[in-house]
Amino acid sequence: MHATGTLYLGKARPVADTAPDGEFRLTLLLIDNLGGNEKESYRVRWSGPQAQAFWQARSAELVPGAIVHAELERIRATAGATYPPIAELRARVVRLEIVPKRLPGERVQLSNQAHSEPVYSAYAR
């Protein structure tokens, strides 16, 4: 399954580490606010040079509540590592970009904004 959407960075701190094969990887908790009190959490992993470039350039902006536009693939549901188990979605990042927070009076659609910052994509190798 492949999905694209605007999500929020969760409270869990991003984890940047190295895979056993030596490749850089970044793990993030993203939240989909479905309205009301409904939320879905996505634990996403991004590997490779694009993820590393994103981390080096934007790590300071990865704070809880940051708005991100994500393109995800291989989405699957798993039982989280909590007691009692809470379902969690896991996915692999194809593309990720941080979206600047808008002022309450602004009504500009995210899809119409000009992208002045680089877009980090696993496809751009």
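**Group meeting: strand pairing, core and salt bridges in a predicted model**

Let me begin with one pairing: Leu29 has Arg43, in strand 4, as its bridge partner. Strands here are DSSP runs of E with at least two residues, helices are runs of H or I with at least four, and both are numbered from the N terminus. The model is predicted, so local features need pLDDT of at least 70 and side-chain atom pairs count only at pLDDT 80 or more, while totals for chains, interfaces and linings use all residues. Residues are numbered from 1 along each chain as its sequence is written, and side-chain values use heavy atoms, with hydrogens and water left out.

I turn to the overall layout. The chain contains seven strands and one helix, in the order β-β-β-β-α-β-β-β along the sequence. Of its 125 residues, 34% are buried, where buried means under 20% relative accessible area, exposed means over 50%, and partly exposed lies in between, with a 1.4 Å probe and protein chains only.

Next, the pairing of strands, for which DSSP must find at least two bridges between them. Strands 3 and 4 run antiparallel and are joined by ten bridges. Two residues lie between them in their hairpin, where Gly36 has a positive phi near 60°. Strand 2, residues 15–18, is also antiparallel to strand 3, with four bridges, and Thr18 faces Phe24 of strand 3. That hairpin has five residues between the strands, and Gly22 adopts a positive phi near 95°. Strand 1 pairs with strand 3 as well, antiparallel and over two bridges; there Tyr8 stands opposite Ile31.

Which residues have the most contacts inside the largest nonpolar core? They are Leu28, Leu30, Tyr42, Val44, Leu72 and Leu96, in a core of 22 residues. Strand 6 (87–99) is among the elements that give two or more residues to this core, as is helix 1 (49–58). The largest share, five residues, is that of strand 6. Such a core is a set of buried Ala, Val, Leu, Ile, Met, Phe, Trp, Tyr and Cys residues joined through side-chain atoms within 4.5 Å. Leaving aside residues up to four places away in sequence, Leu72 touches ten residues' worth of neighbours that include Met1, Leu7, Tyr42, Val44 and Val93; contact means heavy atoms within 4.5 Å.The aromatic rings come next. The whole structure yields one aromatic pair. The ring centres of Trp46 and Phe54 are 5.4 Å apart and the planes stand at 50°, so the pair is tilted. Rings of Phe, Tyr and Trp (its six-membered ring) pair if their centres lie within 6.5 Å; planes under 30 degrees apart count as stacked, over 60 as edge-to-face and the rest as tilted. Both Trp46 and Phe54 are buried.

Finally, the salt bridges, each a side-chain nitrogen of Lys or Arg within 4 Å of a carboxyl oxygen of Asp or Glu. The count by this rule is seven. Arg43, the residue with which I began, forms one with Glu88 at 3.1 Å, N to O. This pair links distant parts of the chain, with Glu88 in strand 6 and Arg43 in strand 4, 45 residues apart. Glu88 is buried at 9% relative accessibility, whereas Arg43 is partly exposed at 30%. Arg43, Glu88 and Arg90 are linked in a salt-bridge network.
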